[in-house]
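This report looks at one pocket and at one pair of packed helices, and it is meant to be read with the model in view.

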Amino acid sequence: MDEKDLIKYFKSLGLEVHTSTKARGHQGFFMKNRIDISKNVPQNRVIPTLLHEFAHYIHSKLEKDINKTGGSLEILFLSQNPLIKEELIKVTHFVDENSLCIRLLEHKARIKDKIKSLEQIIKKDYPNFLRSKKFKEFDKYIRRSKAKYLLTYDRVKLISGFFGTREEIFTIETLEKDFPDMKPAFCAYIRLRSAIRKQSRISARINKYKKYYERPTELFARFVEGLYLDKEWTCALAPVSAKIFYNLLDTGHYQELKKVFQMAGLCDMTCESLCVY
């Protein structure tokens with residue numbers, strides 16, 4: 001399928017198509033009858049991205065405000081089968097490896113190991129230490145120390161003196177140098193608090209990405225994309241969803257998407273010939 005023919009067909013439907021924008025920081029973007037494809041998208045990714053955004057267009061015709069609500073799989077597939085979401089998540093992981101959050105999960109695992117290591121340092125001097133309980137010995141020390149600001153931030157600048165003429169910078173990396181009287185266990189505790197904050201931020205990012213990738217409109221768009229990239233494998237990953245999809249495609253539920261699939265040669269085999277149920 002030629003991308004020029006695809007774009008020409010999109011425009012015949014009244015869509016604006018732009019292929020030389022930044023697409024709001026994404027590979028592609030759809031909103032209000034306009035499809036933007038980033039100028040930085042590799043050539044082999046142009047058609048899959050066009051199909052992805054066109055799937056959003058089709059979805060927007062079936063359901064209003066999908067950009068706000070994320071849409072509904074029940075409306076897309078006319079089914080409440082819980083297997084559909086499970087299958088489409090598998091397809092999403094195939095189509096976009098970023099959805100697996102591998103780097104973030106690896107980073108989170110490293111932070112978890114660091115937390116355990118810091119706990120061991122603390123327990124050398126305070127064997128009864130528990131993160132879930134107050135560290136009374138530390139609390140007694142820290143209230144008199146400027147290091148207390150590092151319980152909230154990894155780096156602080158304190159300004160004092162007349163007209164703010166004196167500046168002091170403290171970081172969790174230079175605790176031993178900045179506070180030579182501080183016990184190793186206390187230094188470890190401050191770093192532990194920092195690691196816990198990092199762990200929370202990473203978890204929040206993972207949850208944010210998961211929520212985005214599991215929005216019905218995104219699951220559907222990556223399913224359409226997956227059928228173009230590798231129809232056989234996508235059907236194998238999502239046999240129930242594929243059977244429902246192709247039945248609905250044949251009856252016209254997805255409107256102009258059927259024509260696009262014909263142009264892409266994706267209607268030349270029945271789903272049953274590819275999938276095992």
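A pocket, as the word is used here, is an open set of grid points with protein on both sides within 12 Å along at least five of seven lines. In this predicted model, the largest pocket has a volume of about 1100 Å³. Its lining is made up of 33 residues, of which His 26, Asp 96, Tyr 212, Tyr 213 and Arg 222 are the closest to its centre. Strand S2 (28-31) gives two or more residues to this lining, as do the helices H2 (46-62), H3 (66-69), H6 (102-125), H9 (184-213) and H10 (216-229). The largest share comes from H9, with 6 residues.

Helix H10 also takes part in a helix pair, for its axis and that of helix H5 (residues 83-95) come within 9 Å and cross at roughly 60°. H5 and H10 are therefore oblique to each other, and the crossing in which H5 passes H10 is left-handed. On the side of H5 the contact is made by Lys 85, Leu 88, Ile 89, Val 91, Thr 92, Phe 94 and Val 95, while H10 brings Leu 219, Arg 222, Phe 223, Glu 225, Gly 226 and Leu 229. Arg 222 thus appears in this contact and among the residues closest to the centre of the largest pocket.

The table sets out the residue classes for the pocket lining and for the helix contact.

| Site | Nonpolar | Polar | Charged |
|---|---|---|---|
| Lining of the largest pocket | 11 residues | 10 residues | 12 residues |
| Contact of H5 with H10 | 8 residues | 2 residues | 3 residues |

Key:
Residues are numbered from 1 along each chain as its sequence is written. This is a predicted model: local features need pLDDT of at least 70, side-chain atom pairs count only at pLDDT 80 or more; totals for chains, interfaces and linings use all residues. Side-chain values use heavy atoms; hydrogens and water are left out. On a 1 Å grid over the protein atoms alone, a cavity is a set of points where a 1.4 Å probe fits but cannot get out, and a pocket is an open set with protein on both sides within 12 Å along at least five of seven lines; lining residues have an atom within 4 Å of a point. Grid points are joined across faces, edges and corners, and a volume is the space filled by probe spheres set on the points. Helices (H or I, at least four residues) and strands (E, at least two) are DSSP runs, numbered from the N terminus. Ala, Val, Leu, Ile, Met, Phe, Trp, Tyr, Cys and Pro count as nonpolar, Asp, Glu, Lys and Arg as charged, and the others, Gly among them, as polar. Axes are lines fitted to C-alpha atoms, for helices over the stretch in contact, and angles run from 0 to 180 degrees between N-to-C directions. Angles under 35 degrees count as roughly parallel, over 145 as roughly antiparallel, 65 to 115 as roughly perpendicular and the rest as oblique. A crossing is left-handed if the near helix is turned anticlockwise from the far one by less than a right angle, and right-handed if clockwise. Contact means heavy atoms within 4.5 Å.
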